[in-house]
Each structure stands twice: as structure tokens, then as C-alpha cells.
Amino acid sequence: MRRCFLIATMSRKTIALLRTFTYTCRGTSSEATGRVAAKQPFEVTLETEKTYAWCKCGHSKKQPFCDGSHKITAFKPVRFTVEEKKTAYLCGCKQTGTPPFCDGTHATESVLNAK
């Protein structure tokens, strides 16, 4: 796992975001994961016939859902629907292998030690 700085260009100024993201390799492709927004999942009630946008970048002020903050990053939200009304645990650490749902990754040492 490597730590990388994410750089964005805005209004002809280049800014380096102070937060870092982790870069992990899975097979022959690489996948960036967002910054750790929370070290526990978010319990939410999901309704049918509604499209949700789960924040993948970790910068949203409306966690676990997207508020458009990803526009300064290379991330896009994960859009999803559910077939029946249910309570679910959405990932808060943004390191899950089953986005947008929590898979317990928040309990790993790398997430617990994240700042």
C-alpha cells in the first residue's frame, strides 16, 4: 500500500490537498480509495424507488452520502438503489471491498491508525 498526494488544478492554481489517499493494487489494475471519513459504518434506512449516491472520496459534509465535494478529486460517487426498504450499514472509512456497504475494514490497523 502506497500513500500518495492527490493534486487538483482549480482556477489556474495548483493545490495539493492536505489529505492523502491510499493506492492499492488488486490483480493487474489499481484502485484508489478515499480518505477515512469515519472509523465506523453509518446506520441508515434505505427506501425503495430512490437512487442514493454514496460518497467515495471521503470529503462530503453529508456522510455517508455525496454532497459534490468529490469535484476537487478524481473520485465519483457510487450510485445505488435497493429493492426493498431496509436498514443498512454504509461504509464510513471508504476502504470497503463491497462499496457502498461496510465489510468490516474499519476494524483493520491501517484504518484505526489513519488520521
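**The core and some unusual backbone spots**

The largest nonpolar core in this predicted model has 13 residues, and those with the most contacts inside it are Val 36, Leu 46, Trp 54, Phe 80, Leu 90 and Cys 93. Two or more residues of this core come from each of strand S4 (42–46), strand S5 (52–54) and strand S7 (86–90). As general background, nonpolar side chains in soluble globular proteins tend to be buried together.

Let me stay with Trp 54 for a moment. Leaving aside residues up to four places away in sequence, Trp 54 touches a list of residues that includes Phe 80 and Leu 90, and also Pro 64, Lys 94, Pro 99 and Pro 100. Several of these names come back when we turn to the backbone.

Most peptide bonds are trans, and most residues other than glycine have a negative phi. Where, then, do we find cis peptide bonds here? One joins Gln 63 and Pro 64, with omega at about 5°, and Pro 64 sits in the loop between S5 and strand S6 (78–80). Another joins Pro 99 and Pro 100, with omega at about 10°, and Pro 100 lies in the loop between S7 and helix H1 (109–112).

Now for phi. Glu 49, which is not a glycine, has a positive phi of about 60°, and this residue belongs to the loop between S4 and S5. Lys 94, also a residue other than glycine, has a positive phi near 65°, and its place is in the loop between S7 and H1.

Which of these is buried, and which exposed? Glu 49 is exposed, with a relative accessible area of 81%, whereas Lys 94 counts as buried because its relative accessibility is 3%, and the limit for buried is under 20%.

Definitions and conventions: Residues numbered from 1 in each chain as written. Predicted model: local features only at pLDDT ≥ 70, side-chain atom pairs only at ≥ 80, totals over all residues. Heavy atoms only, no water. Core = buried A, V, L, I, M, F, W, Y, C linked by side-chain atoms within 4.5 Å. Buried < 20%, exposed > 50% of the residue type's maximum accessible area, 1.4 Å probe, protein only. Helix = DSSP H or I, 4+ residues; strand = E, 2+ residues; numbered from the N terminus. Contact = heavy atoms within 4.5 Å.
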